[in-house]
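Me: I'm new to this structure and would love a close look at a single part of it. Could you walk me through the place where the ligands sit?

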Amino acid sequence: MATFSQRVFSGVQPTGNLHLGNYLGAIQRFVELQERYECIYCVVDLHAITVPQKPAELTRQIREVTAAFLAAGIDPRRHIVFNQSQVSAHAELAWVFNCVARMGWLNRMTQFKEKAGKDRENASVGLFTYPDLMAADILVYRATHVPVGDDQKQHLELTRDIAQKFNNDYRESIEANGFGEAYFPLPEALIQGPARRVMSLRDGSRKMSKSDPSDYSRINLTDSADAIAQKVRKAKTDPLPLPSEEAGLADRPEADNLVGIYAALAGRTKAEVLAEFGGAQFSAFKSALVDLSVARLGPIGAEMRRLMADEAYIDSVLVDGANRARAIAEQTMKDVKDILGFIRAR
Ligand code: AMP
Ligand code: TRP
């Protein structure tokens with residue numbers, strides 16, 4: 001098998017209301033991975049326009065996601081932070097992948113079905129081909145590891161299928177151009193920890209989401225300490241005390257969710273949290289969860305607000321990151337054009 005140098009890539013859409021699920025499922029993990037890998041973190045603005053966006057709000061939200069990355073502790077000098085639209089190779093490689101992926105593969109994507117809803121005829125074509133662009137984001141950097149929440153698992157599997165089909169379909173040309181037996185790595189999804197899928201605080205059967213109409217369903221990264229406290233206290237629970245072992249969380253989705261959130265914020269396992277709180281009433285556990293949430297999220301929200309007031313700094317981080325990302329991505333596009341048999345200037 002060909003070997004690839006290890007590289008992390010991930011993206012977050014600038015679509016408003018960054019929440020605890022985004023933080024625990026993705027951004028907090030991005031921060032941890034910086035110590036072990038070369039990392040590229042992207043604000044995926046091209047993905048955002050697969051559904052309608054107001055331009056002025058989109059601009060603000062691109063800066064907000066960037067501020068969240070930095071406030072959480074991502075170092076934009078050692079790693080790369082940028083917005084997707086500034087590196088045209090993403091869109092270019094996505095076109096190639098539109099020609100590699102099969103209609104049948106995209107037809108199976110559950111996120112498209114959920115987002116398109118009943119009125120599929122009226123969904124944008126971009127929403128349908130969204131996963132091809134996501135595959136391009138990752139593979140244009142030949143990234144090997146992709147930290148995401150559980151909801152992105154199917155898209156990562158599709159990315160591997162696209163990489164594999166490209167490697168197979170063009171195998172002779174890949175070898176003839178001196179790239180060995182495979183050009184793209186098959187990237188691995190990193191879906192780990194106790195908060196892979198944070199659920200709504202109002203309904204333990206639904207994912208915490210940016211688009212839930214009830215603000216009480218989620219904790220936003222910019223919520224005040226008071227708002228966090230109110231939302232946690234109002235979170236849906238059941239009447240029983242907490243179990244002392246993880247098996248006791250089965251069929252108790254709301255309890256499972258709050259314990260998972262506590263564990264992820266504390267850097268502990270659910271079993272460890274239950275060893276401490278097993279037998280406690282929710283009122284006591286919720287007080288501890290409020291304290292922990294405010295202690296962990298308060299400083300991030302405050303730093304986000306400070307950074308958001310300095311647009312020139314945020315924009316300079318994005319421009320610098322895009323310049324460094326472009327250098328890597330343009331090399332991939334040259335290689336891909338050679339593999340496909342296109343003629344280019346040398
Ligand atoms: P998005 O806001 O859809 O761009 O998501 C950004 C990242 O947050 C992705 O890695 C998602 O998988 C992750 N994510 C979104 N919602 C949740 C959730 N409720 N629980 C865990 N991870 C999530
Ligand atoms: N689809 C991802 C989401 O909605 C965002 C995303 C776009 C992404 N491109 C990516 C995540 C590449 C990881 C890698 O959350």
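Which atom of ligand 1 does a backbone N or O atom of Q13 lie close to, and at what distance in Å?

Reply: Happy to help, and please keep in mind that this is a predicted model. A backbone N or O atom of Q13 lies 2.9 Å from an oxygen atom of ligand 1. Another oxygen contact of ligand 1 involves G149, through a polar backbone atom at 2.9 Å. The side chain of N22 also takes part, with an N or O atom 3.1 Å from an oxygen atom of ligand 1. On its own, ligand 1 has 480 Å² of accessible area, and the protein covers 91% of that.

Now let's step back to the surroundings of ligand 1. It has 18 residues around it, and Q13, G149, D151, V198 and K210 come nearest. Helix α1, residues 20-33, gives the most to this shell, with four residues. Sorted by class, the shell around ligand 1 holds six nonpolar, seven polar and five charged residues.

Q13 also leads us to ligand 2: a polar side-chain atom of Q13 lies 3.2 Å from an oxygen atom of ligand 2. Nitrogen atoms of ligand 2 have partners too, with a polar side-chain atom of D137 at 2.7 Å and one of Q152 at 3.0 Å. The protein covers 91% of the 360 Å² of accessible area that ligand 2 has on its own.

The shell around ligand 2 takes its largest share, four residues, from α7. By class, that shell has seven nonpolar, five polar and one charged residues. As for the place itself, ligand 1 sits in the largest pocket, and ligand 2 sits in the largest pocket as well.

Conventions: Residues are numbered from 1 along each chain as its sequence is written. Chains are lettered from A and ligands numbered from 1 in the order in which they are written. This is a predicted model: local features need pLDDT of at least 70, side-chain atom pairs count only at pLDDT 80 or more; totals for chains, interfaces and linings use all residues. Side-chain values use heavy atoms; hydrogens and water are left out. A residue is near a molecule or strand if one of its heavy atoms lies within 4 Å of it. A polar contact is a pair of N or O atoms within 3.5 Å; within protein, one must be able to donate a hydrogen and the other to accept it, and residues adjacent in sequence count only if both atoms are side-chain atoms. Accessible areas come from the Shrake-Rupley method with a 1.4 Å probe; for residues, only the protein chains shown count as cover. On a 1 Å grid over the protein atoms alone, a cavity is a set of points where a 1.4 Å probe fits but cannot get out, and a pocket is an open set with protein on both sides within 12 Å along at least five of seven lines; lining residues have an atom within 4 Å of a point. A molecule sits in a cavity or pocket if more than half of its atoms lie within 2 Å of its grid points. Helices (H or I, at least four residues) and strands (E, at least two) are DSSP runs, numbered from the N terminus. Ala, Val, Leu, Ile, Met, Phe, Trp, Tyr, Cys and Pro count as nonpolar, Asp, Glu, Lys and Arg as charged, and the others, Gly among them, as polar.
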